[in-house]
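Reader: I'm new to reading protein structures, and I'd like to take a close look at one part of this one. Could you walk me through it slowly and then show me what lies around it?

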Amino acid sequence: MTSPRFALGAALLTGLAACASTAPHTPRGAASDATPGRVLVFTHTAGFRHDSIPVTVETLEALGRGTGLEVDATEDPAMFDDATLSRYVAVVFAHTTREVLARPQQAAFERYVAAGGGFMGVHAAADSGYTWPWYGELVGAWFARHPEGLQSVRVVFEDGAGPDGRQDWHVTDEVYDYRRNPRPHVRVTASIDPASHPDGGMGDDHPIAWCHRNAGGRAWYTGLGHDAALYADPVFRAQLLRGLRYVSGQSDAC
């Protein structure tokens with residue numbers, strides 16, 4: 001018998017796929033040399049290292065397989081050169097921390113995005129590249145602080161971005177505050193209900209997931225994903241799948 005948990009997951013993912021664009025967008029430039037449907041997940045750290053990195057990679061690999069994306073994972077900054085990046089339609093920064101790329105590698109990634117390559121950031125991707133202004137604009141906002149421990153909060157989906165028409169979601173995770181409110185610069189897809197998060201420092205408007213077009217490519221970010229247990233949650237998995245499909249050009253819905 002299929003458990004209710006996995007039945008919910010299947011329903012959410014099916015609903016998400018049904019909402020996808022029927023005319024997939026192909027990122028320009030970078031995709032001309034990229035293997036169709038190939039995504040690079042980058043997990044290098046120069047600061048705090050999240051215990052959830054392995055399950056993050058496993059989840060992205062599984063979600064990728066389900067939608068025709070082949071996922072490679074690496075810790076190696078040397079992968080950031082023009083020839084290597086040209087193989088990929090999108091790059092995911094998953095829990096990267098502090099300064100993870102040297103300037104020549106940064107320049108290669110800037111050229112990649114300018115040519116239409118996609119970027120996806122998960123959680124601590126916002127805790128990277130503080131000396132790299134271009135990257136801060138790509139992510140949308142840098143990490144500032146978080147309350148100690150995990151927080152149980154209500155997430156509100158905006159503009160129909162919730163899977164299967166869902167409007168809100170109760171989640172327990174580490175909830176970031178950011179150095180700026182990204183809303184003026186991005187399309188916010190999910191925010192924290194401030195009434196559910198008395199320890200938050202963002203005031204009455206606390207974005208936690210968003211997307212935008214930046215420097216030639218597509219960018220998508222979620223601040224959730226610290227806790228390894230969250231990756232078994234079908235709502236979070238559906239959110240990650242939506243991000244993967246958007247940055248890889250499979251869907252215009254972010």
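How many residues does helix H2 have, and how far does H2 reach from its first C-alpha to its last? I'd also like to hear what H2 packs against.

Author: Sure, let's go. One thing to keep in mind is that this is a predicted model. Helix H2 covers residues 53–66, so to speak a run of 14 residues, and reaches 20 Å from its first C-alpha to its last. At 1.5 Å a residue you'd expect 20 Å, and H2 comes close to that.

Now look at which residues of H2 are tucked away. Ile53, Thr56, Val57, Thr59, Leu60, Leu63 and Gly64 are buried. They cover an arc of only 165 degrees around the axis, so they sit on the same side of H2. Turn to the other side of H2 and you'll find Glu58, Arg65 and Gly66, which are exposed. Just after the helix comes Gly68, with a positive phi of about 85 degrees.

What does the buried side meet? The buried residues of H2 pack against four strands, S1 (38–42), S2 (70–74), S3 (90–94) and S4 (118–122), and also against helix H6. H2 lies across S1, S2, S3 and S4, and runs at about 160 degrees to S2.

Those strands belong to something wider. They're part of an open sheet of 9 strands with mixed pairing, in the order S2-S1-S3-S4-S11-S10-S9-S6-S7. S2 and S7 stand at the edges with a single partner strand each, so one side of each has no neighbour in the sheet. On average, neighbouring strands of this sheet are turned by 20 degrees against each other, direction ignored. As a general point, strands of a sheet pair through backbone hydrogen bonds, either parallel or antiparallel. Under H2 you can find a parallel case: S1 and S3 run parallel and are joined by 4 bridges. Val41 stands opposite Val92 in S3 there.

H2 has company on the sheet, too. Helix H4 (residues 103–114) lies across S3, S4, strand S10 (206–214) and strand S11 (217–222). Its direction is at about 130 degrees to S3.

If you follow the sheet to the S7 edge, the pairing is antiparallel. S6 and S7 pair in that sense over 6 bridges, and Val155 stands opposite Trp169 in S7. S6 is also joined to strand S9 (residues 187–192) by 3 bridges, again antiparallel. In S9, Ala190 is the bridge partner of Phe157. S6 has two faces you can tell apart: Gln151, Val153, Val155 and Phe157 make up the covered one, while Ser152, Arg154 and Val156 make up the uncovered one.

Val171 is a nice residue to click on here, and it lies in strand S7. Is Val171 buried or exposed? Its relative accessibility is 4%, so Val171 counts as buried, since the cut-off for buried is under 20%. Not counting residues up to four places away in sequence, Val171 touches Gln151, Ser152, Val153, Val155 and Leu230. Val171 and Leu230 are 59 residues apart along the chain, yet their C-alpha atoms are separated by 8.1 Å.

Between S6 (151–157) and S7 (168–173) there's a loop, and Asp159 lies in it. Asp159 has a positive phi of about 55 degrees although it isn't a glycine, and it's exposed, with a relative accessible area of 59%. Asp164 is found in the loop between S6 and S7 as well, and Asp164 also has a positive phi of about 55 degrees without being a glycine.

Finally, back to what's inside. In soluble globular proteins, nonpolar side chains tend to be buried together. Here, the largest nonpolar core has 71 residues, and Phe93, Phe109 and Tyr135 have the most contacts inside it. Helix H6 (residues 234–247) gives the most to this core, with 7 residues. Phe93 touches Phe109 and Tyr135, and its other contacts include Phe42, Phe80, Met120 and Val122.

To place all this in the whole chain, there are 6 helices and 11 strands, and buried residues make up 58% of the 254 residues. Among contacts between residues at least 6 apart in sequence, 75% join residues at least 24 apart.

Terms used: Residues are numbered from 1 along each chain as its sequence is written. This is a predicted model: local features need pLDDT of at least 70, side-chain atom pairs count only at pLDDT 80 or more; totals for chains, interfaces and linings use all residues. Side-chain values use heavy atoms; hydrogens and water are left out. Buried means under 20% relative accessible area, exposed over 50%, partly exposed in between (1.4 Å probe, protein chains only). A nonpolar core is a set of buried Ala, Val, Leu, Ile, Met, Phe, Trp, Tyr and Cys residues joined through side-chain atoms within 4.5 Å. Contact means heavy atoms within 4.5 Å. The expected span of a helix is 1.5 Å times one less than its number of residues. The arc is that of the directions from the helix axis to the C-beta atoms. Two strands pair if DSSP finds at least two bridges between them. Axes are lines fitted to C-alpha atoms, for helices over the stretch in contact, and angles run from 0 to 180 degrees between N-to-C directions.
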